[in-house]
Amino acid sequence: MNGEDRFEDLEKIRERLEFFRDLGVEFLIISGEPARKQEEMKKDNPLLISPGLNQSQEADVQAEWDRLIRKILTCQACPLYRGRTQAVPGEGNRQARLMFVGEAPGRDEDLQGRPFVGRAGQLLTKIIQAMGFSREEVYIANVIKCRPPENRTPKPDEVKACSPFLLRQIELVKPKVIVALGKVAVDFLLPGARSMSEVRGKFGQFQGIPVMPTFHPSYLVRNEGNKEIKRMVWEDMKKVLQLLKP
Ligand code: SF4
């Protein structure tokens, strides 16, 4: 690694630590612990508790996931398929105890076929890391699987057409907690919710699963200098962590 690369890495670390500080994070789990310590930490990681499926059940679940992803990738159930580069089904740990649900893919997501990979996605990744997890340990999906033109808010008909996919994903993942990112996800998971300011930070229920409504990361991007908003999101995530404790 040359001096320039090292400088870039240090810059990235500085930027991440500043973001954690703005969130109000009080402690960090540092990777690079001795292997034995990491194993111990894994045992305590509330996201890595196996649901105890046998081999044949695992194969069935895998086949069900494959069918679902194929259906999403080839779906033409609403007009949004016409403008997509590709559909964005979702990604992560399919047995995750923590699931994040956002609104719809944006430009970067549409190009890469992965959820939350643009600027808002990078913020979400940092929030997940601040919680002590990696993206691979949680499941991340959107209400809508194809990018709306100019990133407009999805129409009710589009949400209705796409909803069976997210419903099935939730059934298969069986998360212990869902974080609803922004109003579209909140409206889907907690119908009847009024403004974000009224519901944010208070657990609701979706089919018996606790749902934490919080701001969409793109709102944080648009209000980058506003530390108060970041702290509010972190307060919400602390409540989620509390609920995830074994
Ligand atoms: S947004 Fe959903 S319902 Fe519409 S075409 Fe894409 S996958 Fe199908």
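Two strands count as paired if DSSP finds at least two bridges between them. With that in hand, the sheet of this predicted model is a good place to start. In strand 3, tyrosine 139 is the residue that sits opposite methionine 99. The two strands involved, strand 2 (residues 98–102) and strand 3 (residues 139–142), pair in the parallel sense, with four bridges between them. Phenylalanine 100 also has a place in this pairing, standing opposite isoleucine 140 in strand 3.

Zooming out, the protein comes to ten helices and six strands. Six strands make up an open sheet, in the order 1-3-2-4-6-5, and the pairing is mixed. Strand 1 (91–92) and strand 5 (204–206) are the edge strands, each pairing on one side only. Helix 10 (residues 227–244) packs on the sheet, where it touches strand 2, strand 4 (177–181) and strand 6 (209–214). The direction of helix 10 makes about 165 degrees with that of strand 6.

Back to the strands themselves. Strand 1 and strand 3 run antiparallel and are joined by two bridges; here glutamate 91 has isoleucine 140 of strand 3 as its bridge partner. Isoleucine 140 thus turns up twice, opposite phenylalanine 100 and as the partner of glutamate 91. On the other side of the story, strand 2 and strand 4 run parallel and share four bridges, and phenylalanine 100 stands opposite valine 179 in strand 4.

How enclosed is strand 2? Five of its five residues are buried, so strand 2 is largely enclosed by the rest of the structure. Leu98, Phe100 and Gly102 point one way from the strand, while Met99 and Val101 point the other way. Strand 3 has a similar story to tell: Tyr139 and Ala141 point one way, Ile140 and Asn142 point the other way, and all are buried.Next comes the interior. Across the 246 residues of the protein, 34% count as buried. In soluble globular proteins, nonpolar side chains tend to be buried together. Here the largest nonpolar core has 52 residues, and those with the most contacts inside it are Met99, Val101, Val138, Val143, Ala180 and Ala185. Two or more residues apiece come from strand 2, helix 5 (119–130), strand 3, helix 6, strand 4, helix 7 (183–189), strand 6 and helix 10. Helix 5 gives the largest share of this core, six residues. As for contacts between residues at least 6 apart in sequence, 72% join residues at least 24 apart.

Two phenylalanines are worth a look. Phenylalanine 116 is found in the loop that runs between helix 4 (107–112) and helix 5. This residue counts as buried because 28 other C-beta atoms lie within 10 Å, the cut-off being 20 or more. Residues up to four places away in sequence aside, phenylalanine 116 touches Gly102, Glu109, Gly121, Leu124 and Ile140. Take glycine 102: it is 14 residues from phenylalanine 116 in sequence, and the two C-alpha atoms are 8.4 Å apart in space.

Phenylalanine 165, for its part, lies in helix 6. It is buried too, because it has 23 C-beta neighbours inside 10 Å. Beyond its neighbours within four places in sequence, phenylalanine 165 is in contact with Leu68, Ile72 and Lys145. The C-alpha atoms of phenylalanine 165 and isoleucine 69 are separated by 8.8 Å, although the two residues are 96 apart along the chain.

Helix 6 also leads to the ligand. Its stretch, residues 156–173, supplies three residues to the shell around the ligand, the largest share. In total, 14 residues surround the ligand, and the closest are Cys75, Cys78, Tyr81, Cys146 and Cys162. Sorted by class, the shell holds eleven nonpolar, one polar and two charged residues.

Methods:
Residues are numbered from 1 along each chain as its sequence is written. This is a predicted model: local features need pLDDT of at least 70, side-chain atom pairs count only at pLDDT 80 or more; totals for chains, interfaces and linings use all residues. A residue is near a molecule or strand if its C-beta atom, placed from the backbone, lies within 6 Å of it. Ala, Val, Leu, Ile, Met, Phe, Trp, Tyr, Cys and Pro count as nonpolar, Asp, Glu, Lys and Arg as charged, and the others, Gly among them, as polar. Two residues are in contact if their C-beta atoms, placed from the backbone, lie within 7 Å. Axes are lines fitted to C-alpha atoms, for helices over the stretch in contact, and angles run from 0 to 180 degrees between N-to-C directions. A residue is buried if 20 or more other C-beta atoms lie within 10 Å of its own, exposed if 12 or fewer, and partly exposed in between; C-beta atoms are placed from the backbone. A nonpolar core is a set of buried Ala, Val, Leu, Ile, Met, Phe, Trp, Tyr and Cys residues joined through C-beta atoms within 7 Å.
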